[in-house]
Amino acid sequence: MQAQDLLPPGASRDLQAAVSAALSAGRYLRETSAARGALRVEEKSAGDFVSEADRTAEAMICESLERDCPGYGWLGEESGVRRGHRAEDGLRWVVDPLDGTTNFLKGLPHWAVSIALCKGDDVLCGVIHDPAKSETFVAEKGRGARLNGAAIRVSKDVPLRAAILATGVPAGGRTTYLANALSDMDRLMPRTAGVRRWGSAALDLAYVAAGRLDAYWERNLGPWDVAAGMLLVQEAGGHVAPLWPDAPVLASGSLLASNADLGPELLRLIDRTRQPATAGAEPQAGAPAGGRV
């Protein structure tokens with residue numbers, strides 16, 4: 001499938017550039033996955049890995065976006081912040097070159113490239129590309145959400161007892177919110193049809209947008225994990241809410257994304273206690289950011 005086949009009619013140059021960059025990085029990652037055993041891998045913290053594939057893919061995306069849309073700001077999971085000459089416009093690419101690194105390194109075919117263009121806390125366009133399954137989710141503000149070129153919508157008329165949810169459970173050295181996550185499971189497992197923990201926040205959000213999951217929540221992620229997926233859910237008719245009213249999602253990385261029906265009920269059930277050690281702290285590039293790697 002060609003890049004133009006994935007886009008909505010009248011797609012902006014920015015979205016075209018994001019899709020092109022995601023497809024190129026995805027081709028590299030798919031090829032590299034076959035020889036993943038030879039990759040250099042570092043452990044950023046207990047259970048949180050980064051490989052040379054992450055860094056190479058991020059460099060490829062940065063080069064592609066700078067060529068097609070010069071001067072925008074940049075926030076990459078591995079390379080951090082770069083200020084472009086158009087930074088006064090507030091425009092910034094927010095990029096996770098490989099969301100689901102642990103899955104990738106283990107040979108689990110569930111990982112993705114995530115690229116979003118943000119203006120402050122406003123996400124203007126985004127793409128989540130899953131090379132292993134040849135699925136590309138795209139959204140542009142006011143233009144809806146698409147999967148491989150076809151419009152997608154969140155689920156509807158699903159009672160909580162029939163809902164399939166997804167979340168992340170902190171592990172390794174990133175367990176600040178482990179008690180909250182276990183409390184959530186205790187409350188939600190008896191009330192739902194199941195909870196999934198698949199290891200890619202970007203794909204969890206994309207799946208909510210596509211109606212494959214009915215809701216997803218997590219805490220303390222990085223902005224690169226959630227920016228593109230937030231817009232997908234919203235443009236597919238869903239709701240995205242911060243877990244703490246005074247903490248915007250991109251700053252806190254803590255959110256509930258759901259179809260239009262389940263949000264209020266789930267917000268009442270989820271443990272929304274905020275841990276003071278990390279309250280208000282935005283995860284930094286190259287540092288552990290909650291439960292996802």
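**Notes on a predicted model: the S7-S8-S9 strands and their surroundings**

1. Let's start with a pairing: strand S7 (residues 122-130) and strand S8 run antiparallel to each other, joined by six bridges. Strands here are DSSP runs of E with at least two residues, helices are runs of H or I with at least four, and both are numbered from the N terminus. Two strands count as paired if DSSP finds at least two bridges between them. One facing pair is His-129 and Thr-136, the latter in S8.

2. A word on what you're looking at. This is a predicted model, in which local features need pLDDT of at least 70 and side-chain atom pairs count only at pLDDT 80 or more, while totals for chains, interfaces and linings use all residues. Residues are numbered from 1 along each chain as its sequence is written, and side-chain values use heavy atoms, with hydrogens and water left out.

3. S7 and S8 make a hairpin, with four residues between the two strands. Ser-134 sits in that loop and has a positive phi near 55°, even though this residue is not a glycine. For context, most residues other than glycine have a negative phi. Ser-134 is exposed, at 52% relative accessible area. (Exposed means over 50%, buried under 20%, and partly exposed in between, using a 1.4 Å probe and protein chains only.)

4. On its other side, S8 meets strand S9 (residues 145-147), again antiparallel, through three bridges. Ala-139 faces Ala-145 of S9, and Val-138 faces Arg-146 of S9. This is a hairpin too, with four residues between the strands, and Gly-142 in the turn has a positive phi of about 85°.

5. Is S8 itself enclosed or open? Six of its six residues (135-140) are buried, so the strand is largely enclosed by the rest of the structure. Side chains in a regular strand alternate between the two faces of the sheet. In S8, Glu-135, Phe-137 and Ala-139 point one way, Thr-136, Val-138 and Glu-140 point the other way, and all are buried.

6. Now zoom out to the sheet. S8 belongs to an open sheet of eight strands, in the order S4-S3-S5-S6-S7-S8-S9-S10, with mixed pairing. Strand S4 (80-82) and strand S10 (150-151) are at the edges with a single partner strand each, so one side of each has no neighbour in the sheet.

7. Another residue to look at is Asn-220, in the loop between strand S13 (215-218) and helix H6 (223-235). Its phi is near 65°, positive in a residue other than glycine. Asn-220 is buried, with a relative accessible area of 14%.

8. Finally, the whole chain. It has eight helices and 15 strands, and 58% of its 293 residues are buried. The radius of gyration, taken over C-alpha atoms, is 18 Å, which agrees with the value near 19 Å for a compact globule of 293 residues (the rule is 2.2 Å times the number of residues to the power 0.38). The C-alpha atoms fill a box of roughly 50 × 40 × 40 Å along the principal axes. Of the contacts with a separation of 6 or more, 67% link residues 24 or more positions apart, where contact means heavy atoms within 4.5 Å.
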